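Student: Could you walk me through this model? I'd like to start with the overall picture and then ask about single residues.

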Amino acid sequence: MDLRILERLRCPVCGDPLAEVTAGTARALRCPRRHSFDIARQGYVNLLAGRAPHVGDTAEMIAARADFQAAGHYDVISDALAAAATEAVVRLRATATPPPAPTPPSALCSASTHAPLSGQNCCAEVSRAKDTPTGVRVEAPAPDVGAYPLVVDAGAGTGRYLGAVLAALPDAVGLALDVSKPALRRAARAHPRAAAALADTWQRLPLADASAAVLLNVFAPRNGPEFHRVLDPAGTLLVVTPAADHLTELVDALDLLRVDPDKADRVAASLGGHFTPVNSTVHRAELTLTRTEVATLVGMGPSAWHTDPGALAARLPALPEPVRVTVAVHLDAHRPR
């Protein structure tokens, strides 16, 4: 795993830093207290502290989403996130306190707890939580967020949006979090500078305090207190939610779930007390789809849990082809209070 990501991860059991260990062909992350977390052969690491209360999106839903996104139909969302994340990192660097002078490479390499960065002759220190005289554990400072910004996608799905943001930020690294294993198998390959971890975003996130520069939340649940804890004070939370007319042409025709009219209030309630909204934009695009692509679109989202496949198959032939569909989303930027 990229050390720039690894040094910001924390053990979900005790909160200590993690290091990568190998045993033959098996790889894992392990903390000093020997809590160990397997890295799957598909590339993601399981950072659940216990059993997940749910398994997330199914393999069929993720496959449908990957196909639909690969066709570029949701690039309007990817492009908006990439632009907003770029602006957020520029702002963070402009407001960040200059980091302390770096430790000489010779001093770094003399410590046994250091691991070399690929392609470099120096070493980077893995921060550790320390015991104070009072017995209260105080976490060591997280790495300088502005030097190589960490973009975290909470509820990342396939990792498509995270990959688009990393493509726009050449010195950033990314972490995809999701509870769906089929999603993480794809997210682990979303970008060369991204890693993926199995984690329940309703629980404590396996990240150091103030370790993320940008946090993405696209059509996913929001954990306001944890988002606030892991985001740098000068960082930005980018939340994407459906607008009232999102997929409106299909809602009645195919009896799909409607956008909750109280969606904005629920988002505000989930983040209230922790974040201040600073910007809100609406992004729209008109898609021209085949009926097969419409079926893929339905199968990749929340309606897949509620739509009877037989009823959907009966309604699809009535749609005039090509099928014109509106994509409409809110992109809201929030900053920690």
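Tutor: We can go from the whole chain to single elements and residues, keeping in mind that this is a predicted model.

Student: Fine, so how many helices and strands are there in the protein?

Tutor: The protein has eleven helices and 15 strands. Of its 337 residues, 47% are buried, and the accessible surface comes to about 16,000 Å², with 54% of that surface belonging to carbon and sulfur atoms. Among contacts between residues at least 6 apart in sequence, 65% join residues at least 24 apart.

Student: What does UniProt list for residues 10–48?

Tutor: An unreviewed UniProt entry lists that span as "domain: 23S rRNA (guanine(745)-N(1))-methyltransferase N-terminal". In the model, residues 10–48 are 0% helix and 41% strand, and the end C-alpha atoms of the span lie 11 Å apart.

Student: How many disulfides does the structure hold?

Tutor: The structure holds zero disulfides. The sulfur of Cys 14 has its closest cysteine sulfur in Cys 11, at 3.7 Å, which is too far for a bond. For Cys 31 the closest cysteine sulfur is that of Cys 14, at 3.7 Å, and this is again too far for a bond.

Student: And are Cys 14 and Cys 31 buried or exposed?

Tutor: Cys 14 is partly exposed, with a relative accessible area of 23%, whereas Cys 31 counts as buried at 4% relative accessibility.

Student: Where does Asp 16 lie?

Tutor: Asp 16 lies in the loop between helix 1 (3–6) and strand 1 (19–23). Its relative accessibility is 4%, and Asp 16 therefore counts as buried. The side chain of Asp 16 makes a polar contact of 3.2 Å with the side chain of Arg 33.

Student: Is there another loop residue of that sort, say Ser 211, and what does its side chain reach?

Tutor: Ser 211 sits in the loop between strand 11 and strand 12, and at 1% relative accessibility Ser 211 counts as buried. Its side chain reaches the backbone oxygen of Ala 208 at 2.7 Å.

Student: Let's change to helices. Which residues of helix 9 are buried?

Tutor: In helix 9 (residues 263–271), the buried residues are Lys 263, Val 267 and Leu 271. They cover an arc of only 60 degrees around the axis, and so they lie on the same side of helix 9.

Student: Why would residues with that spacing point the same way?

Tutor: An α-helix has 3.6 residues a turn, so residues three or four places apart point the same way.

Student: What is on the other side of helix 9, and what covers the buried residues?

Tutor: Asp 265 and Ala 269 are exposed on the other side of helix 9. The cover over the buried residues includes helix 7 (224–230), strand 13 (231–242), strand 14 (275–289) and strand 15 (323–336). After helix 9 comes Gly 273, whose phi is positive, near 90 degrees.

Student: And helix 5, what do its buried residues pack against?

Tutor: The buried residues of helix 5 (residues 160–168) are Tyr 161, Leu 162, Gly 163, Val 165 and Leu 166. They pack against several elements, among them helix 2 (59–70), helix 3 (75–95), strand 9 (150–154) and strand 10.

Student: Since strand 10 came up, what does Ala 176 touch?

Tutor: Ala 176, which is found in strand 10 (residues 173–178), is buried with a relative accessible area of 0%. Leaving aside residues up to four places away in sequence, Ala 176 touches a set of residues including Asp 153, Leu 162, Leu 184 and Ala 196. The C-alpha atoms of Ala 176 and Val 152 are separated by 6.0 Å, although these residues are 24 apart along the chain.

Student: Last topic, backbone geometry: which peptide bond is cis, and what is phi of Phe 219 and of Leu 247?

Tutor: The peptide bond from Glu 321 to Pro 322 is cis, with omega near 0 degrees, and Pro 322 lies in the loop between helix 11 (309–315) and strand 15. Phi is positive at Phe 219, near 50 degrees, and at Leu 247, near 60 degrees. Phe 219 is partly exposed at 38% relative accessibility, while Leu 247 is buried with a relative accessible area of 14%.

Key. Residues numbered from 1 in each chain as written. Predicted model: local features only at pLDDT ≥ 70, side-chain atom pairs only at ≥ 80, totals over all residues. Heavy atoms only, no water. Helix = DSSP H or I, 4+ residues; strand = E, 2+ residues; numbered from the N terminus. Buried < 20%, exposed > 50% of the residue type's maximum accessible area, 1.4 Å probe, protein only. Polar contact = N/O pair within 3.5 Å; in protein donor to acceptor, adjacent residues only side chain to side chain. Contact = heavy atoms within 4.5 Å. Areas by Shrake-Rupley, 256 points an atom, 1.4 Å probe, with all protein chains shown as cover. UniProt positions renumbered as here; feature names shortened; annotations may be inferred. Arc of directions from axis to C-beta. Disulfide = S-S within 2.5 Å.
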